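Please open the model in your viewer and keep the sequence panel beside it, since the tour moves from the whole chain to single residues.

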Amino acid sequence: MLTKRLLLNDRGGAIVLALIALMLVVVPILNLVVPASSVFHLSTFTVTLLGKFLCYALLALSVDLIWGYCGILSLGQGAFFSLGGYAMGMYLMRQIGARGQYGNPELPDFMVFLNWDHLPWYWHGFDSFGFALLMVILVPGLLAFVFGWLAFRSRVTGVYFSIITQALTYALMLAFFRNEMGFGGNNGLTDFKDILGAPIAADSTRIVLFMCSGVALLVAYLACRYIVTSRFGRIVISIRDAESRTRFCGYKVESYKLWIFVFSSVLAGIAGALYVPQVGIINPGEFSPLNSIELVVWVATGGRGTLYGAVVGAFTVNYGKTLFTSYSPETWLFALGALFVIVTLVLPKGLVGLFGRSKKSESAHEALDDEASDNTPENIKPEDAKTETPATQVLAEEK
């Protein structure tokens, strides 16, 4: 079975996927079946919050794919996330119809307020859910393809690539803030009524959106795992570790980097499309460069280059953000900065590195015990003194 093969040497990923699958079963039961009077009842607010975390985990997964495995530190993933969200938001706005504040069946309320007399050409087609889904994939994908082709063809790498992706994000944020762009300006798109004919605020709709987010995360994880364990993935990893040597071996490094960049951007766009119906709004603030930097913190906190570490980091940091912003919102950014510094200095492999470290320590102790029992005076041979024991090898790796 393909899933079993992909998770064969990925115990951490198997555990994380199992927990997500369990959550997809338990959460709907606790929300819809368990009565509200019960202590085990899960509120719709909590369901929406968990759905947001799943979208964030999918976004973090896209960052880890290009940063952890290809070595491309992109600070523009927030832009692709927002573009996917706007594509879904435009569909949801078209579904409002005459139920808006101004009662115009064609124009969204903000266009009526700004005295627009017709629907812009780029809004046509968004009354179809299928067209909106296509745009969720095409818009981030095409932008990533054009931008990546120009950047990688010019061999822009390292911190320079990070800077220009951040500049792209900032430019898009400024553009979407303008009312003339036709995307709601500062207020963005909001006041959604329904999706596919179902009331967007209904408990059942929230559960469906939550489950769609979870399934998308599971499928995306397996797809990323398939990529990194394939021959293509091995070449991508070699580009991360020795780009010049990989190029000299005859591989078209730019093509591999472009493909992985576009794929990760599409994942970010899908995460944004799932995010918007659950939070009920999309505005230019989502383009903020600070958001893209925060994504890197999620991945670094969980564990870069593991895939499942990105999921763990997204849940951990955002759960902490929820707690801090509830009790002491003014200290949240300080806590986030402190978390990043601590993880960088103490846990360079992230939170998931703690599990790997404990396993290595346990293996080292077992090897030392075996060595002590075998290296009695009568069992020691002269040639053994010149060879390295398994214990010393494990301890060397641990250092």
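The stops below begin with the chain as a whole and then turn to two loops.

Begin with the full chain, bearing in mind that this is a predicted model, and colour it by secondary structure, which comes to 16 helices and 4 strands. If you switch to a surface representation, the accessible surface of the chain comes to about 20200 Å², and 65% of that surface belongs to carbon and sulfur atoms. Colouring by burial instead, you would find that 46% of the 399 residues count as buried. For a contact map, consider the pairs of residues at least 6 apart in sequence: of the contacts between them, 76% join residues at least 24 apart.

Next, select strand 1 (189–190) and strand 2 (194–195), and go to the loop between them, where Asp191 has its place. What is the sign of phi at Asp191? The value is positive, near 65°, in a residue other than glycine. As a general background to this stop, most residues other than glycine have a negative phi. Is Asp191 buried or partly exposed? Asp191 has a relative accessible area of 39%, so it counts as partly exposed, because this value lies between the cut-offs of 20% and 50%.

Then move on to the loop between strand 2 and strand 3 (198–199), and select Leu196 there. Leu196, likewise a residue other than glycine, has a positive phi, near 55°. The side of the cut-off on which Leu196 falls can be read from its relative accessible area of 59%: exposed means over 50%, and therefore Leu196 is exposed.

Definitions and conventions: Residues are numbered from 1 along each chain as its sequence is written. This is a predicted model: local features need pLDDT of at least 70, side-chain atom pairs count only at pLDDT 80 or more; totals for chains, interfaces and linings use all residues. Side-chain values use heavy atoms; hydrogens and water are left out. Helices (H or I, at least four residues) and strands (E, at least two) are DSSP runs, numbered from the N terminus. Buried means under 20% relative accessible area, exposed over 50%, partly exposed in between (1.4 Å probe, protein chains only). Contact means heavy atoms within 4.5 Å. Accessible areas come from the Shrake-Rupley method with a 1.4 Å probe; for residues, only the protein chains shown count as cover.
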